[in-house]
Amino acid sequence: MDNTFYYQYKNYDVMYKHFIVAVLCFLPLLAVAQEFGYVNRAEIFQAMPETTEAMKKLDDLAKNYEAELLIMQEEYQKKGSEFVAQRDSLPESIRIRRMTDIQDLEQRIQGFYQESQEHIQRQQQELIIPINDKLTKAVQAVGEELNMVYIFDTSANMGLMYWSPSKCKDVTPLVRAKLGLK
């Protein structure tokens, strides 16, 4: 009898036994109920009082910048109109100085506009990050309390092509309750 065949068969037999033992060890883990949940993060975010306060602060800031920009634009319009009306009667040196003043004012307006947009964006980040963190912690707490494996955000298509609402639990009301929202 060829011993090579016997040793190969014996190795497969050992591998088969190890495979069965591994399956039996992991079988209880597969039997544990794994729950999936979903939450409408955008809905909760909009309902949070902190969001309302942050949006009001940002609106007020934007209105202040708009008012200042309007004043600068009115000054630009006034200087431009005066220059156009008088340019033919002005000496060359005065005409050049006024043109330079108008160009400087135009650049200041553009710079102010850009700075205001950057400041509003920084303020938005500073105000929104703590709100997002609070919401994330509430979602995580609900997930831990319910022993969930995953909680999907239905307000942002996070690459999910399909999910079954009937097989997942909507934890939006629980997160809202965790945050004290009605």
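Let me begin with helix α3, residues 49-86, whose 38 residues should span 56 Å at 1.5 Å a residue, and since its end C-alpha atoms are 56 Å apart, the two values agree; the expected span here is 1.5 Å times one less than the number of residues. Helices are DSSP runs of H or I with at least four residues, strands are runs of E with at least two, and both are numbered from the N terminus.

This is a predicted model, in which local features need pLDDT of at least 70 and side-chain atom pairs count only at pLDDT 80 or more, while totals for chains, interfaces and linings use all residues. Residues are numbered from 1 along each chain as its sequence is written, and side-chain values use heavy atoms, with hydrogens and water left out.

Staying with α3, its buried residues, meaning those under 20% relative accessible area with a 1.4 Å probe and protein chains only, include Leu-58, Leu-61, Met-72 and Phe-83, and the buried residues of this helix pack against α2 (41-47) and α4 (92-145).

Turning to the sheet, three strands form an open, parallel arrangement in the order β2-β1-β3, where two strands pair if DSSP finds at least two bridges between them. Because β2 (148-153) and β3 (169-170) each have a single partner strand, one side of each is left without a neighbour in the sheet. Five bridges join β1, residues 35-39, to β2, and Gly-37 has Ile-151 as its bridge partner in β2.

Finally, confidence: pLDDT, the predictor's confidence in each residue from 0 to 100, is lowest in helix α1 (residues 3-31), at a mean of 48, and highest in α3, at 96.

Notes. Buried means under 20% relative accessible area, exposed over 50%, partly exposed in between (1.4 Å probe, protein chains only). Contact means heavy atoms within 4.5 Å.
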